[in-house]
Amino acid sequence: MASEATEFEAAFQELEECVAVLEEGGLTLEAALARFEQGMRLSSRCAAILDEAELRITRLQVDADAEEDDDEPAF
Amino acid sequence: MRIFEVGEVMRHARGLLENDPLLADVWVHGEISSLSPPSANGHVYFCLREASSQLNCVLFRKDARRLRIPLEHGQSVIAHGCGTLYEPRSTFQLIADLVEPEGVGLAQLQFELLRQRLEDEGLFAPERKRPLPAFPRRIGVATSATGAVIHDIVRVLGRRYPLAEVVVAHCAVQGDGAPREIVAALARLNEYAAARLPDGEQASAIDVIILARGGGAPEELAVFNDEAVARAIFASAVPVISAIGHETDYTIADFVADVRAATPSVAAELVAPDLAVLQDAVLAARRRLVVSMVDLVQEQRQRLAVAQQRLAWHSPRGTIARRRQEADDLTQRLRAAVAQAVAARRHRLEARTLQLQALSPSMTLARGYALCYDTASGTVVTAADQVAPGALVDVRLHRGVLRSQVQATAELALPNGEARLAPAGDGQRG
């Protein structure tokens, strides 16, 4: 189960990197365009993750040996 | 029968006293008397008196520092410590580590003692407190599965940070069995590893734990002052937020936890970033991308314009025009120079011609002089002795030529230009 939080964090960090690189300047037009497009894609992905995320809840059986992954809906 | 030295006897007595289970960890109630002024090294010496009994006490500096109210003569207190024999004076004394005014409840006494002990061990150390992760993937919650607490936490997280997964480990939060269940829940959350985790993710997949309890009677807080609970929180590799739900009083769990929250809802807010804030951050980043790009394009446009300008100035058309002008200029000057040279030559020619004409024999001839050529040799005759009488000469006049024969010659020319002929040969001259 891929973690939405992890994906968001990674995408957001990459997005910030794109912004930083573009703002620093010194890129050729082609390189800048590539970065720009990458950044826009990442920002769309981040926004989508945030919009679509739903809180998942797992209940553990504390005393048993095996854990249960109920994925029950919110309490 | 054996004879002992004083020291041996004293040491034996001291050993007996120190190893006695009651005296090793004893609470004593009494009235303060013989309170010494604070010694140079910070230790406090006093006596506890009750009726006709008196107990010598010493409170060492590190524990004396923690006194919340200074000790006073006549004060009725409860002291905790261990008994020993002070050999040099042969006195039995209590090494106290805690002194509280009488009237403080037992629970409070135990709380203070435990707090002191754990603090000395370093469980509360600020350096040890771990920072909370910025983007937790899984949030563990140790609390009662029934009750409002879990609802509150889930509600807040659902609103703020639905990206996370909440892993709930149920445990009782009140009653005698609660400490054991809390310890078990914390351990379980620390060990949690979802079977479907991809390779590379760490075994402890929980990023932060909220240990929560709803409001309730203060007596029920005792669970969170339990030593085993405190040690379990300290041992947790995952950072723990305590949300014991009691605004003013701190429990020992609160001291050990990495972060203390006033309520479970606050804990949920501390643990996760706010969705709205994240959305804004994404939009802001987008905006910055666009601004940077627009600026860059603008900058490039400007550079292009400048370059075009410079190019135009250096263009072949411009150069050709300039060169053409230079060529015209030079041609003009060339013509002028040539014309001038020609004119100069002409002048000289004319001058020379005049000179020449002046020197020319024609003028002389026009004035009546004649050129005489020896017909035979063609040379000019300039002296009479060049020709013999009878020779033929051509006399060149201004106009025409005379073929003449020399009749006589004369050597000299008179100053007036007349010639005197030699007598031989007579002519028509007279």
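**Exercise 1. State how many helices and strands chain B has, and describe its burial and contacts.**

Solution. In this predicted model, the secondary structure of chain B amounts to 12 helices and 13 strands. Of the 430 residues in chain B, 23% are buried. Contacts in chain B between residues at least 6 apart in sequence come next: 57% of them join residues at least 24 apart.

**Exercise 2. Determine the strand order of the barrel in chain B and identify the helices that pack against its strands.**

Solution. Step one is the order. Five strands of chain B close into a barrel, arranged β1-β2-β3-β5-β4, with mixed pairing. From one strand to the next, the twist averages 55°.

Step two takes one pair within this order. Strand β2 (residues 44-50) of chain B and strand β3 (residues 53-59) of chain B run antiparallel and are joined by seven bridges. Within the pair, B:Arg49 stands opposite B:Gln54 of β3(B).

Step three adds the helices. Helix α1 (residues 6-19) of chain B packs on the sheet, where it touches β4 (76-86) and β5 (91-101) of chain B; the direction of this helix makes about 140° with that of β4(B). Helix α4 (residues 106-121) of chain B lies across β1 (26-33), β4 and β5 of chain B, and runs at about 105° to β5(B).

**Exercise 3. Establish which strands pair with β7(B), and decide whether its residues are buried or exposed.**

Solution. Begin with burial. Strand β7 (residues 165-170) of chain B is mostly covered, six of its six residues being buried. In a regular strand, side chains alternate between the two faces of the sheet. Accordingly, one group to examine is B:Glu165, B:Val167 and B:Ala169, which point one way from β7(B); B:Val166, B:Val168 and B:His170 point the other way, and all are buried.

Next, consider the partner within chain B. Strand β6 (residues 138-143) of chain B runs parallel to β7(B), with six bridges between them. B:Val168 in β7(B) is the bridge partner of B:Val141. The chain passes from β6(B) through helix α5 (residues 148-160) of chain B to β7(B), a β-α-β crossover that is right-handed.

Finally, consider the partner in chain A. Strand β1 (residues 56-60) of chain A also runs parallel to β7(B), through five bridges. A:Ile57 stands opposite B:Val166, and A:Thr58 has B:Val167 as its bridge partner.

**Exercise 4. Describe the side of chain A that touches chain B.**

Solution. First, count the residues: 37 of chain A are in contact with 36 of chain B. Second, assign the elements: α1, α2 (29-52) and β1 of chain A each supply at least two residues to this side of chain A. The largest share, 11 residues, comes from α1(A). Third, sort by class: the side of chain A that touches chain B has 22 nonpolar, five polar and 10 charged residues.

**Exercise 5. Locate the nonpolar cores and trace the contacts of B:Ile209.**

Solution. The largest nonpolar core has 73 residues. Those with the most contacts inside this core are B:Ala142, B:Leu189, B:Ile209, B:Ile210 and B:Ala253. Helix α1 (residues 4-24) of chain A contributes the largest share of the core, eight residues.

Now follow one of these residues. Leaving aside residues up to four places away in sequence, B:Ile209 touches B:Gly140, B:Ala142, B:Leu186, B:Leu189, B:Ser236, B:Val238 and B:Val240.

Another core, of 11 residues, lies apart from the largest one; among its members are B:Leu48, B:Leu94, B:Ala96 and B:Leu98.

Note on methods
Residues are numbered from 1 along each chain as its sequence is written. Chains are lettered from A and ligands numbered from 1 in the order in which they are written. This is a predicted model: local features need pLDDT of at least 70, side-chain atom pairs count only at pLDDT 80 or more; totals for chains, interfaces and linings use all residues. Two strands pair if DSSP finds at least two bridges between them. Helices (H or I, at least four residues) and strands (E, at least two) are DSSP runs, numbered from the N terminus. Axes are lines fitted to C-alpha atoms, for helices over the stretch in contact, and angles run from 0 to 180 degrees between N-to-C directions. Two residues are in contact if their C-beta atoms, placed from the backbone, lie within 7 Å. A residue is buried if 20 or more other C-beta atoms lie within 10 Å of its own, exposed if 12 or fewer, and partly exposed in between; C-beta atoms are placed from the backbone. A crossover is right-handed if, with the strands pointing away from the viewer, the path from the first strand over the helix to the second runs clockwise. A nonpolar core is a set of buried Ala, Val, Leu, Ile, Met, Phe, Trp, Tyr and Cys residues joined through C-beta atoms within 7 Å. Ala, Val, Leu, Ile, Met, Phe, Trp, Tyr, Cys and Pro count as nonpolar, Asp, Glu, Lys and Arg as charged, and the others, Gly among them, as polar.
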